[in-house]
Amino acid sequence: MELVYTGKTKNVYALENGNYLLKFKDDCTGKDGVFDPGENSVGLTIEGVGDVNLRMSVYFFEKVNAAGIKTHFVSADLKNTTMEVLPAKVFGKGLEVICRDKAVGSFYRRYGEYIEEGADLDSYVEMTFKNDAKGDPLVTEDGLIALGIMSAKQYDDIKDMTKKITKIVSDDMKAKGLVLYDIKFEFGYAPDGSVMLIDEIASGNMRVYKDGKYIDPMTLSDLFFAK
């Protein structure tokens, strides 16, 4: 295997069959030792978080694929904390897609004078460039098209897929007495231009609350997989 990219929470290796292997790590985004999926740098290491992030990703990728929504997921090796995925190009130099069901985090920090914290949002979708130095700036649909990063159809497909995937995750959380506040996705595209969900769907990429209180990633995974 050839290491092709070292990420904050995963390393990426090229496989001989043309696919890629994601190796999940125990690093989490955050600040001052506190986890925050909205932060753009590694803030802490939680032992075992790579394992639970992979397990949750496998669970949801299989469910999303079954719903007819295209993803890059091929298979996983839970013992080695790895996931084999299809090759996909990222949009620009990397784009994050956030779906928000509740006003919290950076959304509330930006727009708090117009909305109460925790207020309902109708699966609000926003996109940001992955750029640590610039604080992951927001970008509009018109901006993405003007910059040649994606087509209007690709934007519409991403938005539609984001809402559908968020509902799948939210419904599963609700069935366990949990409330999804927001979730972060990444998308890529195949050689034919078709959009697919990439990266992961894990506790480290979402904010979930129980009885009005925030649940940290490891506790969330424990609650989610509890029998």
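Is Lys-63 buried, partly exposed or exposed? Select it and look: at 33% relative accessibility, Lys-63 counts as partly exposed. Keep in mind throughout this tour that the model is predicted.

**Stop 1: the partner of Lys-63**

Now add Asp-172 to your selection. The side chains of Lys-63 and Asp-172 meet in a salt bridge, with 2.7 Å from N to O. The pair links distant parts of the chain, since Asp-172 sits in helix α4 (residues 152-175) and Lys-63 in helix α1, 109 residues apart. Asp-172 counts as buried, because its relative accessibility is 11% and the cut-off for buried is under 20%.

**Stop 2: the open sheet**

Next, show the strands as a cartoon and find the open sheet of five strands. Following the order β1-β2-β3-β8-β7, you will meet antiparallel pairing. At the edges stand β1 (2-6) and β7, each with a single partner strand, so one side of each has no neighbour in the sheet. Turn the view a little to see the twist, which averages 25° from one strand to the next.

Zoom in on β7 and β8, which pair in the antiparallel sense over four bridges. Select Ser-75, and you will find Glu-84 of β8 standing opposite. Then bring back helix α1 (residues 49-66), which packs on the sheet and touches β3 (20-24), β7 and β8. The direction of helix α1 makes about 145° with that of β7.

**Stop 3: the loop at Thr-81**

Stay in this area and select Thr-81, placed in the loop between β7 (73-77) and β8 (82-85). What is the phi of Thr-81 near? The value is near 55°, a positive phi in a residue other than glycine. Thr-81 is also buried, with a relative accessible area of 13%.

**Stop 4: strand β11**

Move along to strand β11 (residues 120-129), where you can select Ser-123. Here too is a positive phi in a residue other than glycine: for Ser-123 the value is near 45°. Ser-123 has a relative accessible area of 19% and is therefore buried, as the cut-off is under 20%.

**Stop 5: Glu-126 and its salt bridges**

Which residues does Glu-126 join in salt bridges? Begin with Arg-100: the closest N and O atoms of Glu-126 and Arg-100 are 2.8 Å apart. Glu-126 lies in strand β11 and Arg-100 in strand β10, so this salt bridge ties together parts that are 26 residues apart in sequence. Both Glu-126 and Arg-100 are buried.

Now select Arg-110, whose side chain meets that of Glu-126 in a salt bridge at 2.9 Å, N to O. This pair links Arg-110 in helix α2 (residues 105-111) with Glu-126 in strand β11, 16 residues apart. Compare the two in a surface view: Arg-110 is partly exposed, with a relative accessible area of 30%, whereas Glu-126 is buried, at 4%.

To see the wider setting, select Arg-100, Arg-110, Glu-126, Asp-182 and Arg-207 together; they are linked in a network of salt bridges. The structure as a whole holds 15 salt bridges.

**Stop 6: Glu-96**

For the last stop, go to strand β10 (residues 95-102) and select Glu-96. Glu-96 is buried, with a relative accessible area of 11%. What is around it? Leaving aside neighbours within four places in sequence, Glu-96 is in contact with residues including Glu-126, which you have just visited, Met-127, Thr-128 and Lys-130. Also among the contacts of Glu-96 are Asp-136, Lys-184, Phe-185 and Glu-186.

Notes: Residues numbered from 1 in each chain as written. Predicted model: local features only at pLDDT ≥ 70, side-chain atom pairs only at ≥ 80, totals over all residues. Heavy atoms only, no water. Helix = DSSP H or I, 4+ residues; strand = E, 2+ residues; numbered from the N terminus. Buried < 20%, exposed > 50% of the residue type's maximum accessible area, 1.4 Å probe, protein only. Contact = heavy atoms within 4.5 Å. Pairing = 2+ DSSP bridges. Axes fitted to C-alpha atoms, helices over the stretch in contact; angles between N-to-C directions. Salt bridge = Lys/Arg side-chain N within 4 Å of Asp/Glu carboxyl O.
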